Amino acid sequence: MQASGKKDSANTMQYRKLGTFDLDVSAIAFGAWQLGDARFWGETDTVEAERTVHAALDAGITLFDTAEMYGDGQSERVLGKALGTRRGDILLASKVWPENCEPRALRESCEASLLRLDTDYLDLYQIHWPIRNVSVEDACEQMMRLQDEGKIRAIGVSNFGPQDLSEWRSHADCISNQVAYNLAFRAVEFDIAPTCQEKHVGILAYMPLMQGLLAGVWDCVEDIPVMRRRTRQFASSREETRHMESGCEAELFDMLTDLRRIADGLDATMADVAIAWLIAQPGVTAAIVGARRSDQLLRNLNGAALVLSEDALTELDLVSSPVRKHLGANADLWNNGEDSRIR
Ligand SMILES: NC(=O)c1ccc[n+]([C@@H]2O[C@H](COP(=O)([O-])OP(=O)(O)OC[C@H]3O[C@@H](n4cnc5c(N)ncnc54)[C@H](OP(=O)(O)O)[C@@H]3O)[C@@H](O)[C@H]2O)c1
């Protein structure tokens, strides 16, 4: 089948409604983890970080995502400083770690995030992973109090499966669910995306480029940095993995070869095609794209402008199906089904 697509050059950024939120967000959101986590991404060049944030603002990106967990608050600090007086022009999202969800700790976390981000309110405050050790009901009540006080405008969750989503929604509202979703990891399609769609919960897809893999950065597993090949696509014999599964490395690299061929046929980059595919998926409101440098960010914006034809979408579905089938419905990228943190 011949893939075809076209660049919608008249309107490079798409805007969508996030769940029941009354404001539109850009289909490409800015992922700020990269701006401040030296252990994972290397040292931050603060001048380049500011340039990258400003390039995102100028390109019409209106949703910026960070978390207290990223570099122990450093991502929030760098992002807050880079946004400066333009903070009011965008929607700012942060996340609280589940262990900090006991009501008092939750309030302290929220206030500390506000301080680091140098702002009075968060547009979206998300529970980073499902809460296991404290009362979900108490956490919900505290989130609603923070909302009443104007410290947060909307409540979201992240890495929540249907069961956790249902429990959360029995106590509090939730406009979005942030989940790992890309051509090399389609587990959310089985249960999570249909549930989100049914409940009008917007999907914010993280890791849209599988941390560089889908941009075609590496030709073999050995070249991939160890911390980026701990996921279930890779064999459990690889360092730092904990899933104890066989992985599907051959299927993964076959898919990357196909993705490159499809992208070449469209005169686009692999990253453009991966992003365009993702934001075309049912229920996906935005792809949260991480970039450490402004040139990377600007290149990735082409993905927002690329409109894939039905034929191209069908072919991408086909070539990514073996990996999808192998990894199944377990939406935890790092843990096997039995140890999955997502339910
Ligand atoms: N809720 C959660 O649990 C969760 C988990 C993970 C991430 N997130 C959010 O999602 C955001 C994005 O996810 P992610 O950072 O994991 O993955 P990603 O967006 O798939 O990958 C970002 C990395 O890919 C590489 N890259 C980007 N564009 C490229 C291009 N055009 N060509 C070549 N390489 C390119 C860069 O690596 P180099 O820097 O090495 O060049 C960049 O740092 C994060 O910033 C964070 O806000 C949320």
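Q: Before we start, what counts as a helix here?
A: A helix is a DSSP run of H or I with at least four residues. Helices are numbered from the N terminus. Keep in mind that this is a predicted model.

Q: OK, which helix holds Leu146?
A: Leu146 sits in helix H5, which covers residues 136–148.

Q: Is Leu146 buried or exposed?
A: Buried, because its relative accessibility is 0%. The cut-off for buried is under 20%.

Q: How far is Leu146 from Arg107 in space?
A: Their C-alpha atoms are 7.5 Å apart. In sequence, 39 residues separate Leu146 and Arg107.

Q: Zooming out, how many helices and strands does the protein chain have?
A: The chain has twelve helices and twelve strands.

Q: And why call the chain as compact as a globular protein of that length?
A: Its radius of gyration is 19 Å, and the globule rule gives 20 Å for 343 residues. Those two values are close, so the chain is as compact as a globular protein of that length. The C-alpha trace spans about 55 × 45 × 40 Å along its principal axes.

Q: What share of the residues is buried?
A: Buried residues make up 58% of the 343 in the protein chain.

Q: Then what about helix H9: how many of its residues are buried?
A: Ten of its ten residues, 270–279, are buried. Among them are Met270, Asp272 and Trp277.

Q: New topic. How many disulfides turn up?
A: Zero, after a search of the whole structure. Take Cys101: the nearest cysteine sulfur belongs to Cys140 and is 9.4 Å away. A disulfide needs the two sulfurs within 2.5 Å. Cys101 also counts as buried, with 0% relative accessibility.

Q: Why does Cys220 have no bond to Cys248?
A: The sulfur of Cys248 is the closest cysteine sulfur to that of Cys220, but it is 16 Å away, so it is too far for a bond. At 28% relative accessibility, Cys220 counts as partly exposed.

Q: What does the side chain of Arg232 reach?
A: The side chain of Arg232 reaches the backbone oxygen of Leu327 at 2.7 Å. A polar contact of 2.9 Å also joins the side chains of Arg232 and Glu245.

Q: Where does Arg232 lie?
A: Arg232 is in the loop between strand S10 (202–206) and helix H8 (249–265). Arg232 is buried, with a relative accessible area of 3%.

Q: Now the ligand. How many residues surround it?
A: There are 30 residues around the ligand. The closest are Gln34, Asp65, Leu209, Arg228 and Arg292.

Q: How do the residues of that shell divide?
A: The shell has 14 nonpolar residues, eleven polar ones and five charged ones.

Q: Which ligand atom does Asn300 approach with a polar side-chain atom?
A: A nitrogen atom, at 2.8 Å. The protein covers 93% of the 900 Å² of accessible area that the ligand has on its own.

Q: Which elements give two or more residues to the shell?
A: Strand S11 (284–290) and helix H10 (294–300) do.

Q: And what lies 3.4 Å from a ligand oxygen?
A: An N or O atom in the side chain of His128 is at that distance from an oxygen atom of the ligand. A polar backbone atom of Pro208 is also 3.4 Å from an oxygen atom of the ligand.

Definitions and conventions. Residues numbered from 1 in each chain as written. Predicted model: local features only at pLDDT ≥ 70, side-chain atom pairs only at ≥ 80, totals over all residues. Heavy atoms only, no water. Buried < 20%, exposed > 50% of the residue type's maximum accessible area, 1.4 Å probe, protein only. Near = heavy atom within 4 Å. Polar contact = N/O pair within 3.5 Å; in protein donor to acceptor, adjacent residues only side chain to side chain. Areas by Shrake-Rupley, 256 points an atom, 1.4 Å probe, with all protein chains shown as cover. Nonpolar A, V, L, I, M, F, W, Y, C, P; charged D, E, K, R; others polar. Rg over C-alpha atoms; globule rule 2.2 N^0.38 Å.
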